[in-house]
Amino acid sequence: MAKLLFKDVNKVYPNGYHAVHDFNMEIGDGEFICLVGDSGCGKSTTLRMIAGLEDITSGEFYIDGKLANQMSSRDRGIAMVFQSYALYPHLTVYENLAFGLTLEGIDADVIEEKVQATAKILGLTDYLERFPRALSGGQCQRVAVGRALIRKVNIFLMDEPLSNLDAKQRVTMRSEIKQIHRSVGATTIYVTHDQTEAMTMSDRIVVMKSGGYVQQIGTPFELYFYPKNLFVAGFIGEPPMNFIRGTVENGRLKASRLEIDLAPIVKDVTALEGKKAVFAFRPEAIKLNSTEKCYKLSSKVELTELLGDTTNVYATIGEEEDRVNIILKVNPHHTPEMGAKFDFVVPYTSSYVFDAETGLVVETDIVRH
């Protein structure tokens, strides 16, 4: 296991492109950290700086208290799993797993013991004599993970390792990687564009925005229920959070012929007077009726998607010239007809307000649930 510390780490390429801005974070022993964000946000660059494959332009990076900016990749105690499996096609699974140990000159008996132990953990015992071409995508990915695992390093780096797998294989491998992490305990930094992977696997998530800016660091729960800004609120969650934009007048958000009283949920609504603001709620937060204190809204159904356990309802609020598009999740047994009027409520405890100019969440006394 290892502790990592980043102090104002920046990456600027020779052409002037600033890929990572002032990255600050402390990662504890054995943590599983996910870096997520849209393309070009700097998550893979950050991973490569940890691995020593990219130089750090400015700032300090420590591994177990030792400054690692100039430390060679070999001395960092790191194993990396890439998006491509990077297996040797002419070698068997056994030989692929043993390759790194063989290069280090480790005794054959020790290699045999380590390969067998690693294969058992990954469910590869029956495939050791097969070549990569005879394996499924999920099996190839397990071999790639095994090559990292067998080295017994303190830090695992994974760069979108599941992106080449189909949906079912990704679900299976998510579970397997998490179980491996629990059994091995190595500090793991995992890069993905898939928020579901991040939410289900990580202890904490780093949300990054294009240009290499960190937006928020927190547990999956914190990011989902307490987003700090509009970017995080819109990025985390599937379908994404609904946003209704308007102007605050007399404590009420006026948007698309709607008037939403913000006073019940905003600590100091006068601070928003005359400003652009955003009222927000998640698709699954709505109810058809409630005894809770809530906002009552009316929409027109445009499209429905039955997903089995839920139905996504695509609807609009307001008139044609200034209507707002929203997505709602409802019980499939209560799916409305397309074109129908659909009334629903949003509990105060599930409502958010953001300052449209700064993008920051507005302080409330709400306890989320």
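In which helix is the place of Glu197? In this predicted model, Glu197 sits in helix H6, which covers residues 195-201. Its relative accessible area comes out at 3%, so Glu197 counts as buried, the cut-off being under 20%. Thr304 makes a handy reference point for Glu197: the two are 107 residues apart in sequence, and their C-alpha atoms are 26 Å apart in space.

Stepping back to the whole chain, helix H6 belongs to a set of eight helices, alongside 19 strands. The C-alpha trace spans about 75 × 50 × 35 Å along its principal axes. Of the 369 residues, 51% count as buried.

Helix H1, residues 43-51, is a mostly covered piece of the chain, with seven of its nine residues buried. The buried set takes in Lys43 at the start of the helix range, then Thr45, Thr46 and Leu47, and finally Met49, Ile50 and Ala51. So a lysine and two threonines turn up among the buried residues of H1, next to leucine, methionine, isoleucine and alanine. Right after H1 comes Gly52, and its phi is positive, near 85 degrees.

As for the cysteines, the count of disulfides is zero. Take Cys34: it is in no disulfide, and the nearest cysteine sulfur, which belongs to Cys41, is 12 Å away. A disulfide calls for a pair of cysteine sulfur atoms within 2.5 Å, so that separation rules out a pairing for Cys34. Cys34 is also shut off from the surface by the numbers, being buried because its relative accessible area is 0%. Cys140 has a relative accessibility of 8%, so it counts as buried too.

The charged surface offers a contrast in theme. Asp107, Asp109, Glu112 and Glu113 together form a negative surface patch. One of these, Asp107, lies in the loop that runs between helix H2 (93-103) and helix H3 (108-122). With a relative accessible area of 54%, Asp107 is over the 50% cut-off and therefore counts as exposed. Glu197 is another acidic residue, but there the label is buried, at 3%. The two residues also differ in setting: Asp107 is placed in a loop, whereas Glu197 is placed in helix H6.

Key:
Residues numbered from 1 in each chain as written. Predicted model: local features only at pLDDT ≥ 70, side-chain atom pairs only at ≥ 80, totals over all residues. Heavy atoms only, no water. Buried < 20%, exposed > 50% of the residue type's maximum accessible area, 1.4 Å probe, protein only. Patch = residues over 30% accessible without salt bridge, like charges linked within 9 Å, V, L, I, M, F, W, Y side chains within 5 Å. Areas by Shrake-Rupley, 256 points an atom, 1.4 Å probe, with all protein chains shown as cover. Salt bridge = Lys/Arg side-chain N within 4 Å of Asp/Glu carboxyl O. Lys, Arg positive; Asp, Glu negative; His and termini not counted. Charge placed at Lys NZ, Arg CZ, Asp CG, Glu CD. Helix = DSSP H or I, 4+ residues; strand = E, 2+ residues; numbered from the N terminus.
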